[in-house]
Amino acid sequence: MKILVTPTSMQPQEGKVNPALEKLREFADELVFNPTGKPLTGEMLIQQLQGCDGYLAGLDSISADVLEHCPNLKAISRYGVGYDRVDLAAAEKQGIVVTNTPGVNAEAVGELAFGMMMSLSRSLTMLDASTKRNGWIRCTGKELYGKKIGIVGLGAIGKVVARCAGGFAMEVLAYDPYMNESYAAEHGIKSVSFEELIAQCDYISMHLPLNDQTYHMINKETFSKMKDGVILINASRGGIVDEAAAKEAVESGKLGGLGLDAFETEPPKDSPLFAYDNVLATPHTGAHTKEATENMATLATENLIQVLRGEECRYTVTAH
Ligand SMILES: NC(=O)c1ccc[n+]([C@@H]2O[C@H](COP(=O)([O-])OP(=O)(O)OC[C@H]3O[C@@H](n4cnc5c(N)ncnc54)[C@H](O)[C@@H]3O)[C@@H](O)[C@H]2O)c1
């Protein structure tokens, strides 16, 4: 049994024992790793996958073309919740089982998104950089206390953001086409339409999957309907926010702050958004806490071994 392991936080490190990796070593005859420190694509991914039966996958682009070159592959275990970079239909056609690790990184991503709101409200990164250059700027920020926050996608991560917002006495609104109304009511979350949320909120945080329906869900038109000075956070997937429209919205002052942990192209090269102090950019690092990486490694390993043993796995995802 040969297995490729690509997430950066699951690469072997000198002097560090990773229990999930040890479990994989015991199970497999051979492990192959990702030498690049970045998500793999195309040729490089095909090369690394040659002869593999199993694949513990980071944020690589797993296209139909890649899969066609891997006739031995039986299981793809996504290290994370999103599977928008896996061609599920192609995997299904080849009889490859795909799994994910829902819920286990929700605290990590939710806290990062909320941290971005706090930082942008007080220009922390700009003040930090300026003070360290011997500057002494007075900068008037704004408080989260009592403001309206809109959460788009009230799943595992959206619920963490709602809980954090409750601690700041924010008024929490949420839009989710599959809204669990009783959960919302029990937790004081106002269930609203997307249009209401966009028009009313001082903070908007995106926590939904990227697919054909959600691509560029935040675009020129949606920006025009937002309140002036709104702070927008996207710690879900890059394609959900139209970055060209976001740049115009930052430039015009429509957006008071923009926090991005995900980009249309990753890593983003020389993005025009980087010119603005009120744009906070992080390298898709939402899930990178000690706790979440351990949880994801454990569950992704269990899922992969289960599938390769021919056992039922409750975290299987399908195209439908
Ligand atoms: N930045 C990171 O490192 C990182 C880490 C984990 C997940 N993510 C992203 O965050 C997303 C959310 O993760 P999660 O664990 O909360 O997933 P989840 O499945 O628990 O929640 C997603 C929610 O989005 C809702 N939804 C689906 N379509 C929608 C739409 N059109 N409009 C509004 N809501 C919609 C679903 O009903 C669900 O409640 C993932 O899909 C992934 O893309 C990012």
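The following exchange concerns a predicted model and the reasons behind the terms applied to it.

Residues are numbered from 1 along each chain as its sequence is written, and side-chain values use heavy atoms, with hydrogens and water left out. Because the model is predicted, local features need pLDDT of at least 70 and side-chain atom pairs count only at pLDDT 80 or more, while totals for chains, interfaces and linings use all residues.

Me: How many helices and strands are there in the chain, and what makes a stretch count as one or the other?

Reply: The chain contains 12 helices and 13 strands. Both are DSSP runs numbered from the N terminus, a helix being H or I over at least four residues and a strand being E over at least two.

Me: Why is the chain called as compact as a globular protein of its length?

Reply: The radius of gyration is 21 Å, and the globule rule gives 20 Å for 320 residues; the two values are close, so the chain is as compact as a globular protein of that length. The radius is taken over C-alpha atoms, and the rule is 2.2 Å times the number of residues to the power 0.38. Along its principal axes, the C-alpha trace spans about 60 × 50 × 35 Å.

Me: What share of the residues in the chain is buried, and what makes a residue buried or exposed?

Reply: Buried residues are 49% of the 320. A residue is buried under 20% relative accessible area, exposed over 50% and partly exposed in between (1.4 Å probe, protein chains only).

Me: Why is Thr 6 called buried?

Reply: Its relative accessible area is 2%, and the limit for burial is under 20%, so Thr 6 is buried. Thr 6 lies in the loop between strand E1 (2-5) and helix H1 (19-27). Beyond its neighbours within four places in sequence, its contacts (heavy atoms within 4.5 Å) include Asn 34, Tyr 55 and Asp 60.

Me: Why does Ala 245 count as buried, and which residues does Ala 245 touch?

Reply: With a relative accessible area of 7%, Ala 245 falls under the limit and is therefore buried. Ala 245 is in helix H11 and touches Asn 219, Lys 220 and Phe 223, residues up to four places away in sequence being left out.

Me: Why is Glu 68 called exposed?

Reply: Glu 68 has 59% relative accessibility, which is over 50%, so the residue counts as exposed. Glu 68 is part of helix H3 (residues 64-68).

Me: How do you know that Arg 237 and Asp 84 form a salt bridge?

Reply: A salt bridge requires a side-chain nitrogen of Lys or Arg within 4 Å of a carboxyl oxygen of Asp or Glu. The closest N and O atoms of Arg 237 and Asp 84 are 2.8 Å apart, so the pair qualifies. The pair links distant parts of the chain, 153 residues apart: Arg 237 is in the loop between strand E10 (230-234) and helix H11 (243-252), and Asp 84 is in the loop between strand E4 (75-78) and helix H4 (88-93). Arg 237 is buried at 11% relative accessibility, whereas Asp 84 is partly exposed at 29%.

Me: What makes Arg 85 and Glu 266 a salt bridge?

Reply: Their closest N and O atoms are 3.1 Å apart, within the 4 Å limit, so the pair is a salt bridge. Arg 85 sits in the loop between E4 and H4, and Glu 266 in the loop between strand E11 (255-260) and strand E12 (279-281), 181 residues apart. At 22% relative accessible area, Arg 85 is partly exposed; Glu 266, at 23%, is partly exposed. A cis peptide bond, with omega about -10°, joins Glu 266 and Pro 267.

Me: Why are Glu 221 and Lys 225 said to be separated by about one helical turn?

Reply: They are four residues apart in helix H10 (residues 220-225), which means a separation of about one helical turn. Their side chains form a salt bridge at 2.9 Å, N to O. Glu 221 is exposed at 51%, and Lys 225 is partly exposed at 45%.

Me: Why is Ser 123 partly exposed, and what is its phi?

Reply: Its relative accessibility is 23%, which is neither under 20% nor over 50%, so Ser 123 is partly exposed. Phi is near 50°, a positive value in a residue other than glycine. Ser 123 is in the loop between helix H5 (106-121) and helix H6 (124-132).
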